[in-house]
Amino acid sequence: MTARPSVAPPRPWSYPPVREHLLPGGVRLLLHDLPGQYVLSMRVVVPSRLADEPAGLEGLSAMTARLLDEGTTQHEPEELAELMERHGMALGAGVSDGGLLVDVDVPQHHLGPAARLVAEALGQPSFPEPEVRRILRSRLAEIEQERASAPHRAARELARTLWADGDRASRPSAGTPESVRALTREDIVAHHARRVGPRGATVVLAGDLTGLDALGELEAGLGSWAAPHHEASAAPVPPVPAADRARVVLVDRPGSVQTELVVACPGPDRSTPTGWAPHPVAAFVLGGSPGARIDAVLREEKGYTYGIRSSFRPRVAGGSFVTAGSVRAEVTADALEILLGILDAARDGFTPAELRAGVDYVARTAPGRYATADAVADETAALALEGLPTDFTTGHLAAVAALTLEDLDAAYRRTVTGEWSVVLVGDAESILPRLEGRVPGPLSVVEL
Amino acid sequence: MPLDYPVHRRTLPNGLRVVVSPDHTVPNVTVNLWVGVGSRHEQPGGTGFAHLFEHLMFQGSRSVRSGEHFEALMAVGGRANATTWFDRTNYFETVPTGALELALWLEADRHGHLLDAVTQANLDNQRDVVKEEKRQRYDNQPYGTALADLYAAVFPADHPYHHPTIGSMEDLDAAALEDVHAFFRRYYAPDNTVLTLCGDVEPEQGFDLVGRYLGPLSATARSQRPPLPQLGPLTEPVRVERTEAVPNDRLHVGFRLPVDESAELFAATVALDCLAGLTSSRLARRTVRREQTATAVHASAWGLLDGVSLGFVVLDAAPGTDPADLESALVQELERLAESGPTDAELEASLAQSERAWLSALASQEERADLLSRYTLLHDDPGLVNTHLDRVRAVRPDDVRAATRRWLAPDSRAVVAYLAARSDAEAVA
């Protein structure tokens, strides 16, 4: 056997450069020319605060987004779907706390038609009544599917536990059965007129632009996007944490052979003044691999789980630190105790070896994580919606490389106070007797 | 017109097939290995073993301690994983260029000398982990066992594709240390493996490095039987019904298809696109948009090696719809497609979507490496990645009609129906 080879230091790398333009209608255009990326990724973001949805009509923004490509003033719904497919387009649209995101992938030679069809979907959707009813019904079916899935059900309960009652963040982005049933075509038409338009919007295009008049095609497509009633949105504010969030909620899912387990607390967004750099490093060290602190015990030593992951989840404003995974039902209490112990113990500090491994992982995987047009477009669009500069990622990676143990420890202690919101989704009859007395804070049981 | 991704290929004296595809746009290299063993090689009583074995490949080898494979690669900016499928097991990592030799050294150690380090404790631990994987991905998911039911319904009981890769709890429990040794000796050898380097590396340099680290491994794989002959379509419909706590009734309708990379499979894939694989496909227009008897429809075709592939359509019934009506709609649309073939617009949409999906897959260095390994191991020609779209483009309307008649006849369907358990109150009402 040959000797173990040493590793040469990585070549310098920086986040792909961006060319910025302003389209005639006022839309900001960000172009990434990425040779060899033959499928172009286009993203359109329109800032719009989800919290401004009228009470009782939650899901209005998400349903409007899903209806953008279900018929326009120029094309019937089926005609439009066929046209987009014949141009090789894949279009998706959704919302976050900070606005609308439209996401299009298309082979290079279809850029022109794709830009025109995206402009049509954004500017002239017709919201035919039958399509509105259909999309709302399909959301109701989706809610039932989410309820049946343990990870989705846990996420919904976590939002309700972590954030103050009445805060928009405590309710599902795409609405509840009650709010979705309350929506009408008129609500959607009015919402589109006020909230979807070129003011403050950014278009990102990433891919191999060789031989393409990308600027010309996008000008021709999106340069005339007009929305006379579009109102600029106020900046989102972080959600208000629930005063009683330090508690345990067990969602009863009879017959579950595993318990879905989620432990969380409020966290920062990427514009946090103390710097974003420590957060992905801490998440990696705790719950980013089979060798991380959590899986070293719960997976590799105990065999309780296929894997548990930690992540800081930034919103446009505010965020959360979430650790989630599933464990064999019989060991729920044991696994939760061990997990909370590991998360709390990290407040005593990380080790220099952990810092090194975490920094090298986060910094050195960046070239690979941002190697495709899709990934670059996603990141640049996220920056635009979060109001962060286009050089944020480069600066962030430099800060990761320079991270100290003090900064890492301080950042973790700032977020993790030991007050946890815990959600368990599992078979209450079998696991409840073994949980009592072994969980932090009050324990309540809710129905699926 | 073919694509022009560079493909260089060489076979080492020990039988290891090596492919190098330079791409210097990012300072990374993907190392991707396909071993010619998957769940299709498992024997009765030993289901799930190929996948359990894959887990043990991360638990240490002669010079690498348990868990060190992941740790060593991640700490230098690598991302690594492995998966098991019917026809193969793959292992892969993407590393900064300067860590390529480390990656090859780690692969050589476990692909050559795993058995020095395998222990009963590691086997027991990973058996538990795999059982949790099975619970998480299949047993605790609504509809999670539907595909396993479909394999069993579509393929004969003694066929290699009759059982799922994850296997059964009983068989996982039965796996013993001596099975690990026998399995490694039988299947894990350079002459049953393809190694692809894709990324920031030149061909000669790549071949030299692979030769240096994996050249010393011995050729020991036992010769494998040739693939089974093509299995014909089912001769009569098969039906499996399960009543479970699922949110809505869902039908999975499966068909036997021609083997991977055959012209007939390309044609059958287009037929499935026209039927339910596109937003504008016939069943989507009819059942989702117009009649609103379904909330969603999908279709897939999986190319497989051992004498048959799998095609299936999934239909989610809208509340209040009798799934039998949905199934009738599917049968009618199959008959219509068999009668008149696809329209030009359908063919164009299917091709355009295939083109985007294929180019998107190749856009990622990781997936490109995986596809190069795939075509080398299964078809002995990595260059097929460059001509795949030409073969898709060659499909004519008559081919689609013929494939629909031959392979997607209503009587050749296997239906796995997952029906939502009604509460007592609803049942009475």
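Two strands are said to pair if DSSP finds at least two bridges between them. With that in mind, good morning; the model I present today is a predicted one.

I begin with the sheet in chain B. Six strands make up this open sheet, in the order β1-β2-β6-β3-β5-β4, and their pairing is mixed. At the edges lie β1 (8–11) and β4 (79–84) of chain B, each of which pairs on one side only. On average, neighbouring strands of the sheet are turned by 15° against each other, direction ignored.

Let us look at one edge. β1(B) runs antiparallel to β2 (residues 17–22) of chain B, and four bridges join the two. Within β2(B), B:V18 is the residue that stands opposite B:R10. A helix, α8(B), lies across β1, β2 and β6 (193–199) of chain B, and its direction is at about 145° to β2(B).

I turn now to the interface. How many residues of chain B are in contact with chain A? There are 67, and they meet 72 residues of chain A. The size of an interface is often given as the accessible area lost when the parts come together. Here, chain B and chain A bury about 5,700 Å² between them, with 54% of it on carbon and sulfur atoms.

Nine salt bridges are counted between the two chains. One of them links B:R285 with A:E82, whose closest N and O atoms are 2.6 Å apart. Several helices of chain B each supply at least two residues to the side that touches chain A, among them α8 (203–214) and α10 (282–290). That side of chain B divides into 24 nonpolar, 22 polar and 21 charged residues.

Thank you for your attention.

Note on methods
Residues numbered from 1 in each chain as written. Chains lettered and ligands numbered in written order. Predicted model: local features only at pLDDT ≥ 70, side-chain atom pairs only at ≥ 80, totals over all residues. Heavy atoms only, no water. Contact = heavy atoms within 4.5 Å. Buried area = accessible area lost by both parts, 1.4 Å probe. Salt bridge = Lys/Arg side-chain N within 4 Å of Asp/Glu carboxyl O. Nonpolar A, V, L, I, M, F, W, Y, C, P; charged D, E, K, R; others polar. Axes fitted to C-alpha atoms, helices over the stretch in contact; angles between N-to-C directions.
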